[in-house]
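Hi,

Here is the structure I promised to pass on. Have a look at it first, and my notes on what turned up follow underneath.

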Amino acid sequence: MKQLLFAIGIIVPLLVFAHGKEDHSKEKAKKKERLEEREQKHQKNKQTGQMKKMKKADLEIVNNNYQLRVKGFFKEKCIDCHGIPDAYPWYYKVPGIKQIMDYDIREAKEHLDMSNDFPFGGHGTPQSDLKELRKTVKKDSMPPLQYWIFHPSSRLNDDEKEIVLRWIDQSINRLNQ
Ligand code: HEC
């Protein structure tokens with residue numbers, strides 16, 4: 001009897017404690033969720049605020065210049081992953097390679113989707129996309145190495161880089177006006 005009481009004496013507080021802890025962490029998770037939701041809303045409002053501030057006419061001018069001066073290079077060198085290519089290369093059909101490429105394409109488009117010209121699709125705002133683009137062009141980090149070693153001509157050459165960078169800078173200036 002004594003042993004039983006002793007056991008109950010240990011088990012009950014343990015259960016209560018464990019339960020209490022569980023409730024606590026649930027509450028914490030909910031709180032975190034609420035905070036995250038609020039943060040997301042805040043980001044969204046900020047983005048739509050930025051979009052509203054940008055005049056539609058300015059976005060159109062930027063897009064016109066994109067189509068005239070830049071799109072040709074991107075169509076040739078980036079669209080395989082960042083858009084809808086006219087045709088996939090023959091090795092796309094090779095099992096294993098197809099999976100790697102599909103993954104790359106999904107990733108690439110989530111970041112920057114060029115399918116519908118400017119403003120690009122993906123997770124960024126027009127400005128942040130232009131800034132990311134400027135970084136990658138300056139660092140020469142796109143296309144990724146594992147791609148350009150098979151397609152050496154897919155890298156932007158110096159003349160193309162200059163044209164792209166000029167378009168980026170002009171566009172950022174215009175959208176920030
Ligand atoms: C073989 C596929 C492939 C090609 C071709 C390619 N990219 Fe990418 N790109 C990716 C992937 C995957 C990511 C996302 C992961 C990362 O940043 O490495 C990405 C990310 C980017 C980003 C970052 C976007 C952001 O907001 O983080 C920019 C900018 C970009 N690419 C520009 C280009 C340009 C410009 C070209 C052509 C000159 C190009 N890419 C060609 C696969 C590709």
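**Phe-118 and its surroundings**

Setting aside the neighbours within four places in sequence, Phe-118 has contacts with Val-62, Asn-63 and Tyr-66. Before you read too much into that, keep in mind that this is a predicted model. Phe-118 sits in the loop that joins α4 to α5. Is Phe-118 buried or exposed? There are 20 other C-beta atoms within 10 Å of Phe-118, and the cut-off for buried is 20 or more, so Phe-118 counts as buried. If you want a distance to check in your viewer, try Phe-118 to Asp-129: the two are 11 residues apart in sequence, and their C-alpha atoms are 9.9 Å apart in space.

**The chain as a whole**

The protein chain has seven helices and zero strands, so to speak in plain terms, reading from the N terminus gives α-α-α-α-α-α-α. There are 177 residues in the protein chain, and buried ones make up 14% of them. Looking at contacts with a separation of 6 or more, 67% are between residues 24 or more positions apart.

**α7 and its two partners**

Two helix pairs involving α7 are worth opening up.

Take α2 (residues 56–77) with α7 (residues 158–176): their axes come within 10 Å and cross at roughly 175 degrees. Angles over 145 degrees count as roughly antiparallel, which is why α2 and α7 get that label. On the α2 side, the contact is made by Asp-58, Ile-61, Val-62, Asn-65, Tyr-66, Arg-69, Val-70 and Phe-73. The α7 side supplies Glu-160, Ile-163, Val-164, Trp-167, Ser-171, Arg-174 and Leu-175. Sorted by class, that contact has nine nonpolar, two polar and four charged residues. Val-62 and Tyr-66 from the α2 side also appear in the list for Phe-118.

Then there is α5 with α7, where the axes are 10 Å apart and the packing angle is about 155 degrees. That is again over 145, so α5 and α7 are roughly antiparallel to each other. The crossing of α5 past α7 is left-handed. From α5, the residues making the contact are Pro-126, Gln-127, Leu-130, Leu-133, Arg-134 and Val-137. From α7, they are Lys-161, Val-164, Leu-165, Ile-168, Ser-171, Ile-172 and Leu-175. By class, the contact of α5 with α7 splits into nine nonpolar, two polar and two charged residues.

**Around the ligand**

Which residues come nearest to the ligand? Out of 21 residues around the ligand, they are Cys-78, Cys-81, Ala-108, Met-142 and Pro-143. The elements giving two or more residues to this shell are α2, α3 (79–82), α4 (97–111) and α5 (126–139). Of these, α4 gives the largest share, with four residues. As for chemistry, the shell divides into 11 nonpolar, five polar and five charged residues.

**One more residue: Leu-145**

Leu-145 belongs to helix α6 (residues 145–148). How many other C-beta atoms lie within 10 Å of Leu-145? There are 8, and since 12 or fewer counts as exposed, Leu-145 is exposed. Leu-145 and Arg-155 are 10 residues apart along the chain, with their C-alpha atoms separated by 9.7 Å.

Cheers

Technical notes. Residues numbered from 1 in each chain as written. Predicted model: local features only at pLDDT ≥ 70, side-chain atom pairs only at ≥ 80, totals over all residues. Axes fitted to C-alpha atoms, helices over the stretch in contact; angles between N-to-C directions. Parallel < 35°, antiparallel > 145°, perpendicular 65-115°, else oblique. Contact = placed C-beta atoms within 7 Å. Nonpolar A, V, L, I, M, F, W, Y, C, P; charged D, E, K, R; others polar. Near = placed C-beta within 6 Å. Left-handed = near helix turned anticlockwise from the far one by under 90°.
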